[in-house]
Amino acid sequence: LSNYVQSLMTEDTYDLNRYEKTYYVNGVKVIVTNERVGEALKFIMPNKRAVLLLSYFMDYRDSEIARTLRITNSTVAYRKKQALKQLKVLLEGKKYG
């Protein structure tokens, strides 16, 4: 092919080994691309997982999370603290009880 034709061409490349786990929180689509975190999140109670997903993956402030989930700010703080504690245990490879 001529240099001109080659300059017009594009090539799409896709990483077929890329991990992607999709969660939904009150209609908000949240995509987790870290496999260890995505798999560990499966073991966290949905109400606590929702707080983590909105906070750390969607950058919601606690007040936005409270409004979205229709809970108090103190409940957001409690669920986040408990979920982070559980996530830490799961990622460290220890059994969670």
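Biologist: Is Asp-59 buried or exposed, and what is its relative accessible area?

Modeller: This is a predicted model, and in it Asp-59 is exposed, with a relative accessible area of 65%. The label follows because exposed means over 50% relative accessible area, whereas buried means under 20%. Asp-59 sits in the loop that joins α3 to α4, and its phi is near 60 degrees, a positive value in a residue other than glycine.

Biologist: Where is Arg-70 placed, and what is its phi?

Modeller: Arg-70 has its place in the loop between α4 and α5, just after α4, and its phi is near 60 degrees, again a positive value in a residue other than glycine. With a relative accessibility of 74%, Arg-70 counts as exposed.

Biologist: Before going further into single residues, how many helices and strands does the chain have, and in what order do its elements run?

Modeller: The chain has five helices and two strands, and from the N terminus on the elements run α-β-β-α-α-α-α. Of the 97 residues in the chain, buried ones make up 31%.

Biologist: How should I read the contacts in the chain with a separation of 6 or more, and what percentage of them comes from residues 24 or more positions apart?

Modeller: The idea is to ask how far apart in sequence the two partners of a contact lie, where contact means heavy atoms within 4.5 Å. Here, residues 24 or more positions apart account for 44% of the contacts with a separation of 6 or more. One pair to look at on the structure is Lys-48 and Gln-86, which are 38 residues apart in sequence and 9.8 Å apart in space, C-alpha to C-alpha. Lys-48 lies in helix α3, and leaving out residues up to four places away in sequence, Lys-48 touches Arg-79, Gln-82 and Ala-83.

Biologist: How do I read a residue such as Tyr-19, and is Tyr-19 buried or exposed?

Modeller: One starts with the accessible area and then looks at the neighbours. Tyr-19 is buried, with a relative accessible area of 17%, and Tyr-19 lies in the loop between α1 and β1. When residues up to four places away in sequence are not counted, Tyr-19 touches Val-32, Thr-33, Asn-34, Glu-35, Gly-38 and Glu-39. Of these partners, Gly-38 is 19 residues from Tyr-19 in sequence and 8.7 Å away in space, C-alpha to C-alpha.

Biologist: Which residues have the most contacts inside the largest nonpolar core, and how many residues does that core have?

Modeller: A nonpolar core is a set of buried residues of certain types, joined through side-chain atoms within 4.5 Å. The largest one here has 21 residues, and those with the most contacts inside it are Val-25, Leu-41, Leu-53 and Leu-69. The elements that give two or more residues to this core are β1, β2, α2, α3, α4 and α5, and the largest share, five residues, comes from α3. To see one member in its surroundings, take Leu-41, which touches Tyr-23, Val-32, Arg-49, Leu-52, Leu-53, Phe-57 and Leu-87 if residues up to four places away in sequence are not counted.

Biologist: Which residues of α4 are buried, and what covers them?

Modeller: For a helix, it helps to ask which way its buried residues point. In α4, residues 62-69, the buried ones are Ile-65, Ala-66 and Leu-69. They cover an arc of only 100 degrees around the axis, which puts them on the same side of α4. What covers these buried residues includes β1, α3 and α5.

Biologist: How do I read the packing of two helices, and at what angle do α3 and α5 pack?

Modeller: One reads the angle together with the distance between the axes, and then the residues that make the contact. Helices α3 and α5 pack at an angle of about 95 degrees, with their axes 8 Å apart, and that makes α3 roughly perpendicular to α5. Among the residues in the contact are Val-51 and Leu-52 of α3 and Val-76 and Leu-84 of α5. By class, this contact has seven nonpolar, three polar and three charged residues.

Biologist: At roughly what angle do the axes of α4 and α5 cross, and which residues make the contact?

Modeller: The axes of α4 and α5 cross at roughly 105 degrees and come within 8 Å, which makes α4 roughly perpendicular to α5. The contact is made by Asp-62, Ser-63, Ile-65 and Ala-66 of α4 and by Asn-73, Val-76 and Lys-80 of α5. By class, the contact of α4 with α5 has three nonpolar, two polar and two charged residues.

Definitions and conventions. Residues are numbered from 1 along each chain as its sequence is written. This is a predicted model: local features need pLDDT of at least 70, side-chain atom pairs count only at pLDDT 80 or more; totals for chains, interfaces and linings use all residues. Side-chain values use heavy atoms; hydrogens and water are left out. Buried means under 20% relative accessible area, exposed over 50%, partly exposed in between (1.4 Å probe, protein chains only). Helices (H or I, at least four residues) and strands (E, at least two) are DSSP runs, numbered from the N terminus. The arc is that of the directions from the helix axis to the C-beta atoms. Axes are lines fitted to C-alpha atoms, for helices over the stretch in contact, and angles run from 0 to 180 degrees between N-to-C directions. Angles under 35 degrees count as roughly parallel, over 145 as roughly antiparallel, 65 to 115 as roughly perpendicular and the rest as oblique. Ala, Val, Leu, Ile, Met, Phe, Trp, Tyr, Cys and Pro count as nonpolar, Asp, Glu, Lys and Arg as charged, and the others, Gly among them, as polar.
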